[in-house]
Amino acid sequence: MPQFSGPHLPDPDARYGPFLQPPLGAGHLSVEYAPEPRAVREARAQVRRQLEGWGLAERGEVADVAELLVGELATNALVHAESRFRLILFAAHGVLRCEVADTDRRVPRVLDAGTGSSGRGMFLVDALAQRWGCHQDGPGKTVWFELGTCGSDGCGRRQP
């Protein structure tokens with residue numbers, strides 16, 4: 001069952017300095033999923049519903065890309081951690097941050113897309129996200145990515 005913490009914003013960050021007040025559509029969501037194959041589909045659907053609720057689904061390709069990349073991270077959590085995972089979404093100040101936390105401490109690697117049937121998840125995250133990373137989190141890790149939601153050219157794409 002989704003756990004909503006209301007319209008809270010991510011912790012203050014220097015790059016948000018010029019924004020004096022929260023933008024329309026700011027929010028937070030945290031949902032935990034059982035280690036079942038249907039969890040990936042449910043996480044993707046939750047991303048779509050939440051972005052629609054925040055008014056971000058109409059902003060270019062943000063919802064499509066977020067849904068795809070969350071699906072990749074959720075699949076990695078199921079395949080490698082084989083345990084429950086948590087999806088966390090933050091939207092504020094023109095940035096959507098998606099996080100997937102699991103119990104596996106191994107850091108993901110970006111592999112060549114190649115022609116294999118697996119191993120492309122982090123390649124897609126690296127190619128499509130504005131930024132991404134991973135941090136150790138207690139007994140496991142959290143893999144995250146960010147997309148821009150401002151709707152202008154280049155918003156959400158990695159800057160050169």
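## Starting at R109

R109 sits in the loop that joins strand 4 to helix 3. The model you are looking at is a predicted one. With a relative accessibility of 62%, R109 is exposed, because the cut-off for that class is over 50%. Another residue to find alongside it is F123: the two are 14 residues apart in sequence, and their C-alpha atoms are 8.4 Å apart in space. R109 will come up again when we reach the largest pocket.

## The overall layout

Now step back and follow the whole chain. It has three helices and six strands. Reading from the N terminus, the order of these elements is β-β-α-α-β-β-α-β-β. The chain is 160 residues long, and 42% of them count as buried.

## The nonpolar core

In soluble globular proteins, nonpolar side chains tend to be buried together. Here, the largest nonpolar core contains 34 residues. If you would like some landmarks, look for L51, W54, F85, L87, L96 and F145, which have the most contacts inside this core.

Several elements each supply at least two residues of the core. The helices among them are helix 1 (38-53), helix 2 (62-81) and helix 3 (121-128). The strands are strand 2 (27-33), strand 3 (85-92), strand 4 (95-102) and strand 6 (140-148). Helix 2 gives the largest share, with 10 residues.

## Helix 2 and what follows

Helix 2 deserves a visit of its own. Its 20 residues should span 28 Å at 1.5 Å a residue, and the C-alpha atoms at its ends are 27 Å apart, so the model agrees with the expected value.

After helix 2 comes E82, with a positive phi near 50 degrees. Most residues other than glycine have a negative phi. E82 has its positive value although it is not a glycine. This residue lies in the loop between helix 2 and strand 3, and it counts as exposed because its relative accessibility of 63% is over 50%.

H93 also has a positive phi, near 55 degrees, and is a residue other than glycine. Its place is the loop between strand 3 and strand 4. H93 has a relative accessible area of 12%, which is under 20%, so it is buried.

## The largest pocket

The largest pocket holds about 530 Å³ of space. It is lined by 22 residues, and those closest to its centre are N76, H80, P108, R109 and M122. So here is R109 once more, the exposed loop residue we began with.

Helix 2, strand 4, helix 3 and strand 6 each give two or more residues to the lining. Helix 2 makes the largest contribution to the lining, with seven residues; helix 2 also has the largest share of the nonpolar core. Sorted by class, the lining has nine nonpolar, six polar and seven charged residues.

## Cysteines and disulfides

A disulfide is a covalent bond between the sulfur atoms of two cysteines. How many disulfides does the structure hold? There are zero.

Two cysteines can still be described by their surroundings. C98 has a relative accessible area of 0%, so it is buried. C134 has a relative accessible area of 27%, and is partly exposed because this value falls between the 20% and 50% cut-offs.

Terms used: Residues are numbered from 1 along each chain as its sequence is written. This is a predicted model: local features need pLDDT of at least 70, side-chain atom pairs count only at pLDDT 80 or more; totals for chains, interfaces and linings use all residues. Side-chain values use heavy atoms; hydrogens and water are left out. A nonpolar core is a set of buried Ala, Val, Leu, Ile, Met, Phe, Trp, Tyr and Cys residues joined through side-chain atoms within 4.5 Å. Buried means under 20% relative accessible area, exposed over 50%, partly exposed in between (1.4 Å probe, protein chains only). Helices (H or I, at least four residues) and strands (E, at least two) are DSSP runs, numbered from the N terminus. A disulfide is a pair of cysteine sulfur atoms within 2.5 Å. On a 1 Å grid over the protein atoms alone, a cavity is a set of points where a 1.4 Å probe fits but cannot get out, and a pocket is an open set with protein on both sides within 12 Å along at least five of seven lines; lining residues have an atom within 4 Å of a point. Grid points are joined across faces, edges and corners, and a volume is the space filled by probe spheres set on the points. Ala, Val, Leu, Ile, Met, Phe, Trp, Tyr, Cys and Pro count as nonpolar, Asp, Glu, Lys and Arg as charged, and the others, Gly among them, as polar. The expected span of a helix is 1.5 Å times one less than its number of residues.
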